[in-house]
Each structure stands twice: as structure tokens, then as C-alpha cells.
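Here is a short tour of a protein model, written with a computational chemist in mind. Please have the viewer open as you read.

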Amino acid sequence: MRRDYFDLTVEGVDDGAGSRSPPLVRIDFHGPEELLRERLSGGESGDAADGDLLTADQIDVAFRLREPLGEADDPEGVVGVTNRYTGDFILELNETATDVLPFIHAARDATDDGDARYRVEIDVDGERLVAYDKDTFLVYDHEGNLLRSESLIPSGVEL
């Protein structure tokens, strides 16, 4: 699936330190709906029963940098949503660290208990297909190493 099929927008990032509502990332897909539905239902692997869409605990969201964080003004990377059990990419889209990292910080700031949360909504041409409430968002450097300090990792989870 082509990365240019997707548009990403975020809400709840610049609401100020007093805001307690989880931030939202909305991914709008402008391509063949059947292709996205197949990937979100586990495709050939059959992870979701009878074509049901994958649930929040069956997907992972991550950001992979293409260049070092400290060496570029606005390092580029790729946001990926994957099937947790197969590792298959459901979708990928190009974003920059200055778009993604403030989102992660806003998710941290929106909680008192230390367990950050955020919402992912995936639309097809403006129509809601699925929404996920998530608490994990992993960030990897350009060499594939996990950046724990930039990632959202719930307490009690060991990676």
C-alpha cells in the first residue's frame, strides 16, 4: 500500500499542560478500501475471525527515524501500524519527528497515573473505519534501536 494514500492529523497536542484529554491521531486513507480492510482484518493470516477488524490489542503503533534525532532540524521517519501477532505492516506513512514526538509528550502530559493513553482513528475518505485506544507507542532510532525515553511504554511492561 502506498504511503501517499494516507493523511495524518493530530488533535490535543497544543491544548496546554492543564489538558487531561488523551491526544488523537487521525489517519485518513484515500485508496482502495478493500485493501485496507483486508490488512485490518488480518489478511490471509486470519487473525481476526470472519473478516472482523483487528482490535486495539492486536495492533502496534511505532515511529522509526530515518536519520539521527540530533543531526537534523526536522528528522524524517515512518509511522507504522502493524499486526502484533504476525508483524505484518497494516499501513505506513511518512512523518517527521517534530510531528510525532510532541504527540507522545502530550499523551504523557494528559495523565496523572503515569500510564499515557492516546486514540487512533482510521478513516476511509472521511468515514470512520476503526478507532483504537492505545497506551504503547514505540520510537526507534535510524539504526533500529528502541528509544525508551521517547516511547510510550506502560508501567509494568518489559520489552
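The report below goes from the overall fold to the nonpolar core and then to the salt bridges.

**Overall fold**

Keep in mind that this is a predicted model. The protein has two helices and eight strands, and from the N terminus they follow the order β-β-α-β-β-β-α-β-β-β. Of its 159 residues, 40% are buried. Among contacts with a separation of 6 or more, 53% join residues that lie 24 or more positions apart. The accessible surface amounts to about 8400 Å², and carbon and sulfur atoms account for 43% of that.

**The nonpolar core**

The largest nonpolar core contains 34 residues, and L91, I122 and F137 have the most contacts inside it. At least two residues of this core come from each of β2, α1, β3, β4, β5, α2, β6 and β7. Helix α2 gives the largest share, with six residues.

That helix is worth a look of its own. With 13 residues, α2 spans 18 Å from its first C-alpha to its last, close to the 18 Å expected at 1.5 Å a residue. Its buried residues are A97, V100, L101, F103, I104, A106 and A107.

I122 is in touch with several parts of the chain: leaving aside residues up to four places away in sequence, its partners include I27, L36, L40, L91 and Y132. Now turn to V81, which sits in strand β4. Is V81 buried or exposed? It is buried, because its relative accessibility is 1%, under the 20% cut-off. Beyond its sequence neighbours up to four places away, V81 touches I59, D60, V61, D88, F89, I90 and L91. Between V81 and L40, 41 residues apart in sequence, the C-alpha to C-alpha distance is 9.7 Å.

**Salt bridges**

The model holds 14 salt bridges. Three of them are set out here with their N to O distances.

| Pair | N to O distance |
|---|---|
| D4 and R2 | 2.9 Å |
| R26 and E11 | 2.9 Å |
| E121 and R119 | 3.2 Å |

The R26 and E11 pair links distant parts of the chain, joining strand β2 to strand β1 across 15 residues. Both partners are partly exposed, R26 at 22% relative accessible area and E11 at 41%. In the pair of E121 and R119, E121 is buried at 8%, whereas R119 is partly exposed at 29%. D4, by contrast, is exposed at 55%, and its partner R2 is partly exposed at 48%.

Which residues are linked in a network of salt bridges? They are E11, R26, R119, E121, D123, R128 and D133.

Methods: Residues are numbered from 1 along each chain as its sequence is written. This is a predicted model: local features need pLDDT of at least 70, side-chain atom pairs count only at pLDDT 80 or more; totals for chains, interfaces and linings use all residues. Side-chain values use heavy atoms; hydrogens and water are left out. Helices (H or I, at least four residues) and strands (E, at least two) are DSSP runs, numbered from the N terminus. Buried means under 20% relative accessible area, exposed over 50%, partly exposed in between (1.4 Å probe, protein chains only). Contact means heavy atoms within 4.5 Å. Accessible areas come from the Shrake-Rupley method with a 1.4 Å probe; for residues, only the protein chains shown count as cover. A nonpolar core is a set of buried Ala, Val, Leu, Ile, Met, Phe, Trp, Tyr and Cys residues joined through side-chain atoms within 4.5 Å. The expected span of a helix is 1.5 Å times one less than its number of residues. A salt bridge is a side-chain nitrogen of Lys or Arg within 4 Å of a carboxyl oxygen of Asp or Glu.
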